[in-house]
Amino acid sequence: AAMASGTALVYDEEMTTHKLLWSDPVCDIEVPERLSSSYEQLKCYNLVERCVHVPAREGSEEEILLVHSSEHLEVAKSTQTMNEEELKRVSGNYDAFFFHPNTYHCARLAVGATLQLVDAVMTGKVCNGMALVRPPGHHSQKNAANGFCLFNNVAIAGEYAKRKYGLQRILIVDWDVHHGQGTQYIFEEDPSVLYFSWHRYEHQEFWPSLKESDYDAVGLGRGEGFNINLPWNKVGMGNSDYLAAFFHVLLPMAFEFDPELVLVSSGYDSGIGDPEGQMNATPEVFAHLTHFLMQLANGKLCVVLEGGYHLKSLSESVCMTVKTLLGDPVPQITGEMAPCLSAIESIQNVRAAHKPYWKWLAYEDTSVLQNLSTKSHPPKKANPNPFTDPESKITNNDESVKVERFLELHMKNILFPVPPIKTATTADSKGSAHLLPVPVHLVKEMDKTEIKALVSGFYADLVKEDKILHSLGNMLAVLDKILKKEVCNGIAESPRAAVSVAVALRHSVQFGFQRVLCIFVGDMQIIPNIEDGKILMIHICENEQSGKTSSKHCISLNWKEDAEGNDFFSALLGFILPVAYSYQPNLTVIAIGPNRSLGISGISLLFALLQGLAESRIFAVMEDTEMNLMRSVAKALVGASTPDFGVYVPPTQEKVTKIKILRDQFQQEWKMLQCSVKDGI
Ligand code: X5A
Ligand code: ZN
C-alpha cells in the first residue's frame, strides 16, 4: 500500500464566537484571537495553502457520550438559550469555565474537528495534521467542565479511534503546561491508551494543585504503568529541559509501547511568554517535539490545540508545528543545552516510579529522590531570552511587550528554508538515483584536477588510486551542494568510506563549518589528524576498538543490533541524541562502512532522528550500497514517508550497562545526558 502523505489543517472560524461576556480575571485569557491569530500567522508563512483543508463538523451526541455523562451533555445543551445571568450562574458551578450562548455549538465543533482529523489520518487521506479548536479539552471530565474546557476533544478522539478503527495502542502526548487531569481520569485504568503529561506543578502549588498530578500517579488497575506524569517544580523550564524529558522519559516509553496512533494535546502555554506557564521554551522547540513524534505510529500524528495565551508565542509555535508536520527542515535549537537541576530531579523521579512497568527501564538503577532541591531557581546560564535576566523586575504588561520584541527578533533569526527538502546525489551512482523511491537532485561530479587540487594538501597518499579519486569527485560534488546550502542533504557512494569521510570532514571544516558531527557505522580505521573540537566523532561498531580509548570528541560505541528487532532506539535516545544535541552541530555526516553492526531499521531511525540537528543538514556516505539500505536512507532523508522501523525490542542488561558507563563518562561534557542527580552533578 502507498504511504499516506500530506498534512491536514482543520479550522472553522465559527469557533471564535465562544467568548467571555462578563469580567473574570481567571478566564479572560482564553480569547477568540488565540484561534484567529494562529490561523493568520499560518497564512503569513504560506502554510495554509500547503495543507489539505479538512472541514470541521459537529461531534454527535453519541460521540460526546463516549467519554461524558448524559447529565453533563444535557447541562451543556441547556445553556444555548440562557441569558447572561443564567450563563454566569451555571459557569460558577465549575472551576474556571465560562459559557456563552454559542459555547455548546463551538464545543461540538471542537469535538467534530478533532474527529475529522482522526478520520483523515486513519483513512490515509493525509499522513498527519493539526486541528485548531476552541474551547480546549484536556481538563474536561466525565461529568464536569473545568479549566476552559467543556468536552474532552482528545479523549473523545482516543475512544473514537479505538472503536471505529479497532486500535489497541494509542499514545496521548500532553505538552500543555497544565496537567490534563481530565484525560488522566478518563484513561487511568485503560492500558490501551498511554497518557504522558508534563506540567507546571511547583510541589502542588500550581493549579489544579492535585496530588494525582505528581510523578507517582502511574495509572490504576489494568492501566498501571500507562499514565506518565512529569511535574515541573520550578518555572523557567526551557528548550533543554523539554528535550531531556523527551530523550529520557517519553520517547523510550513511546518506542517500547509502539503506538498505532499518536494524539497531541497541544497546548502552547508551555512556551516562552505565556502568563500561565512562565516557562522559557522558544517556538522552535515545538518543531523538534513534533519531529520526534512523527517517527512513531508510521507517522500517524494528530495535533489538537489546547492552551496557549501569549498570542505571538502561541501563533509562532503553531506555525513551527505545522511546518514540521509538512516535512520542512527542523530549525536549529537555541540556548545552552543543559537541563536544570530541578528538571533532572523530576526526570529521575518519574523514571524511578515507572521502572516496574517498562522493560527498557528495568536495568536502570534509578531511585526516587526524597529531598528535592529548594524552590529558589538556580541562576541560569546565558539564555537569549528576557526571563533569565535577573534584573528584570518588571510588570506583567512590560514583560509581555519585552517577549513580543524578543520573539520578533528571534523568529527573524530562525531560518525558514524553502521547501521541499532537496536531496542530492550524483548521476552515475551505482545505487542508481533513478531507482530511489524519491525525487533527488542530480549533481555533476567534480572535475579530476579540481579534486586533486582540493586533496593535495592532505591525504595525498590515500588518493593515488583512480577509483578512489573518482569516488571522491562524486562525494565532493554532493558535499559542496550541502555546504553552499543549495540542498539540505545528500548521499554519496564510496568504495572507501573512511577515506571519503576524512576528506569530507577536512573540507567542511576548511569551508568554515565550526562543528561537524560524524557518526560512523561499521568497521573503519579512524584517520587521525581531525581538527580538535570542530569534529565530534561517534563510532558505532560491533567490536571493541583495541587499544583505543574514547575521548570527548571521539566516542566509541560498541553496539550490535539485536537479531530479534530494533533495540538501537535505546542507545539513540539514551546516548547519541543527548550528545548530539549538547554539541549542536551545524553539519552532520553519517557514514555507513563495511561490516555494519546495525540493521536497516536502526540506520533509518538514526537518519530520521538526527534530522533534528544542523537544520536537517545531513551528508550520507555509503560504502554499503545494498539497495534496500539505500532506499531506506533516501526515504529517511527526504522525509517523504516514515520508513517502517520494524519491531522494537528492549535492550539487554549488558547494553543498558554499556550506555550507563558511557553516560557517566561523558555527562559532564555533554550535559543533555544527565537524567539523575546521584553522581555529584
Ligand atoms: C486549556 C488550559 C488552563 C486553565 C487555567 C485555569 N486551561 N487557572 O490551558
Ligand atoms: Zn494549559
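**Reading a predicted model, feature by feature**

Me: An oxygen atom of ligand 1 is 3.0 Å from an N or O atom in the side chain of Asp269. What counts as a polar contact?

Reply: A polar contact is a pair of N or O atoms within 3.5 Å; within protein, one must be able to donate a hydrogen and the other to accept it, and residues adjacent in sequence count only if both atoms are side-chain atoms. Besides Asp269, an oxygen atom of ligand 1 lies 3.2 Å from an N or O atom in the side chain of His178. At Gly147 the partner is a polar backbone atom, 3.0 Å from a nitrogen atom of the ligand. The protein covers 96% of the 320 Å² of accessible area (Shrake-Rupley method, 1.4 Å probe) that ligand 1 has on its own.

Me: What kind of model is this, and how are its parts numbered?

Reply: It is a predicted model, in which local features need pLDDT of at least 70 and side-chain atom pairs count only at pLDDT 80 or more, while totals for chains, interfaces and linings use all residues. Residues are numbered from 1 along each chain, chains are lettered from A and ligands numbered from 1 in the order written, and side-chain values use heavy atoms, without hydrogens or water.

Me: Which residues come nearest to ligand 1?

Reply: There are 13 residues around ligand 1 (those with a heavy atom within 4 Å), and the nearest are His139, Gly147, His178, Asp269 and Tyr309.

Me: How many disulfides are there?

Reply: The count is zero, a disulfide being a pair of cysteine sulfur atoms within 2.5 Å. For Cys518, the closest cysteine sulfur is that of Cys554, 9.2 Å away, which is too far for a bond. Cys518 is buried (under 20% relative accessible area, against over 50% for exposed and partly exposed in between, with a 1.4 Å probe and protein chains only), at 0%. Cys27 is buried too, with a value of 1%.

Me: Which residues of helix α4 are buried?

Reply: Helices (H or I, at least four residues) and strands (E, at least two) are DSSP runs, numbered from the N terminus. In α4, residues 84–91, the buried ones are Leu87, Val90 and Ser91. They line one face of the helix, because they fall within an arc of 100 degrees when seen down its axis, the arc being taken from the directions of the C-beta atoms. Glu85 and Arg89 are exposed on the other side.

Me: Is Thr79, in the loop between α3 (70–78) and α4, buried or exposed?

Reply: Thr79 is buried, with 0% relative accessibility. Its side chain reaches the backbone oxygen of Ala76 at 2.6 Å. Another buried loop residue is Thr366, at 9%, between α11 (341–354) and α12 (396–413). The C-alpha atoms of Thr366 and Lys678 are 8.7 Å apart, although 312 residues separate them along the chain.

Me: Where are the cis peptide bonds?

Reply: One joins Arg134 and Pro135, with omega about -5 degrees; this proline sits in the loop between β3 (128–132) and α6 (153–165). Another joins Trp207 and Pro208, with omega about 0 degrees, and Pro208 is in the loop between β5 (193–200) and β6 (227–232).

Me: Which residues have a positive phi although not glycine?

Reply: His203 has a phi of about 50 degrees and lies in the loop between β5 and β6. Asn298 has about 55 degrees, in the loop between α9 (284–293) and β8 (301–305). His203 is partly exposed at 29%, and Asn298 is partly exposed at 36%.
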